[in-house]
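User: Hello! I am new to this structure and would like to get to know it step by step. Could you take me through it?

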Amino acid sequence: GFRGGTSAEDILRKGMAANPKATELHVLLARYYQSLGRTAEARAEYQAAIKSAESQNQTALAAEIKKELG
């Protein structure tokens, strides 16, 4: 049977594991952490999203994420 969390965090992490290039999942997780006030974790996810976008030559996306990070 299905054994595992069903929280937004768990679902996003499973998605990232299945699709490591899914930059938007890092952004969603960062926003989720931000909404919970978990700013250090949010910042780490934003930085992972930027790194992911840059590694895929998505410079415009990386710039947008940097703006959101602040």
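**A guided first look**

User: Is Asn-57 buried or exposed?

Analyst: Happy to start there, and please keep in mind that this is a predicted model. The relative accessible area of Asn-57 is 67%. Exposed means a value over 50%, so Asn-57 counts as exposed.

User: Where does Asn-57 lie?

Analyst: This residue also has a notable backbone angle: Asn-57 shows a positive phi of about 60° although it is not a glycine. As for its place, Asn-57 sits in the loop between H3 and H4.

User: Which residue just after H2 takes a positive phi?

Analyst: Helix H2 covers residues 23–35. Just after H2 comes a residue with a positive phi of about 80°, and that residue is Gly-37.

User: What span is expected for H2 at 1.5 Å a residue?

Analyst: H2 has 13 residues. The expected span is 1.5 Å times one less than the number of residues. From its first C-alpha to its last, H2 reaches 19 Å, close to the expected 18 Å.

User: Which helices do the buried residues of H2 pack against?

Analyst: Let's begin with the residues themselves: the buried ones in H2 are Thr-23, Leu-25, His-26, Val-27, Leu-29, Ala-30 and Tyr-33. In an α-helix there are 3.6 residues a turn, so residues three or four places apart point the same way. The partners of the buried residues of H2 are helix H1 (8–18), H3 and H4.

User: Which side chain does Ser-52 join in a polar contact of 2.8 Å?

Analyst: Ser-52 is found in helix H3 and is buried, with a relative accessible area of 10%. Leaving aside neighbours within four places in sequence, Ser-52 is in contact with Pro-20, Lys-21 and Thr-23. The polar contact of 2.8 Å joins the side chain of Ser-52 to that of Thr-23.

User: How many salt bridges does the structure hold?

Analyst: Here is one of them as a taster: the side chains of Lys-66 and Glu-54 meet at 3.0 Å, N to O. That fits the cut-off, which is within 4 Å. For the whole structure, the number of salt bridges is six.

User: How many residues apart in sequence are the parts tied together by Arg-31 and Glu-68?

Analyst: Arg-31 and Glu-68 form a salt bridge, with their closest N and O atoms 2.7 Å apart. Arg-31 lies in helix H2 and Glu-68 in helix H4 (residues 59–69), so the pair ties together parts whose separation in sequence is 37 residues.

User: What is the relative accessibility of Glu-68?

Analyst: Its partner Arg-31 counts as partly exposed, at 42% relative accessibility. Glu-68 is partly exposed too, and its relative accessibility is 35%.

User: Which helices hold Lys-66 and Glu-54?

Analyst: Lys-66 is partly exposed, with a relative accessible area of 42%, and Glu-54 is partly exposed at 38%. Their salt bridge has an N to O distance of 3.0 Å. The pair ties together parts that are twelve residues apart in sequence, because Lys-66 lies in helix H4 and Glu-54 in helix H3 (residues 39–55).

User: Which residue is linked with Arg-38 and Glu-41 in a network of salt bridges?

Analyst: Arg-38 forms a salt bridge with Glu-41, the closest N and O atoms lying 2.7 Å apart. Arg-38 is partly exposed at 27% relative accessible area, and Glu-41 is partly exposed at 32%. The residue linked with Arg-38 and Glu-41 in the network is Glu-9.

Conventions:
Residues numbered from 1 in each chain as written. Predicted model: local features only at pLDDT ≥ 70, side-chain atom pairs only at ≥ 80, totals over all residues. Heavy atoms only, no water. Helix = DSSP H or I, 4+ residues; strand = E, 2+ residues; numbered from the N terminus. Buried < 20%, exposed > 50% of the residue type's maximum accessible area, 1.4 Å probe, protein only. Polar contact = N/O pair within 3.5 Å; in protein donor to acceptor, adjacent residues only side chain to side chain. Contact = heavy atoms within 4.5 Å.
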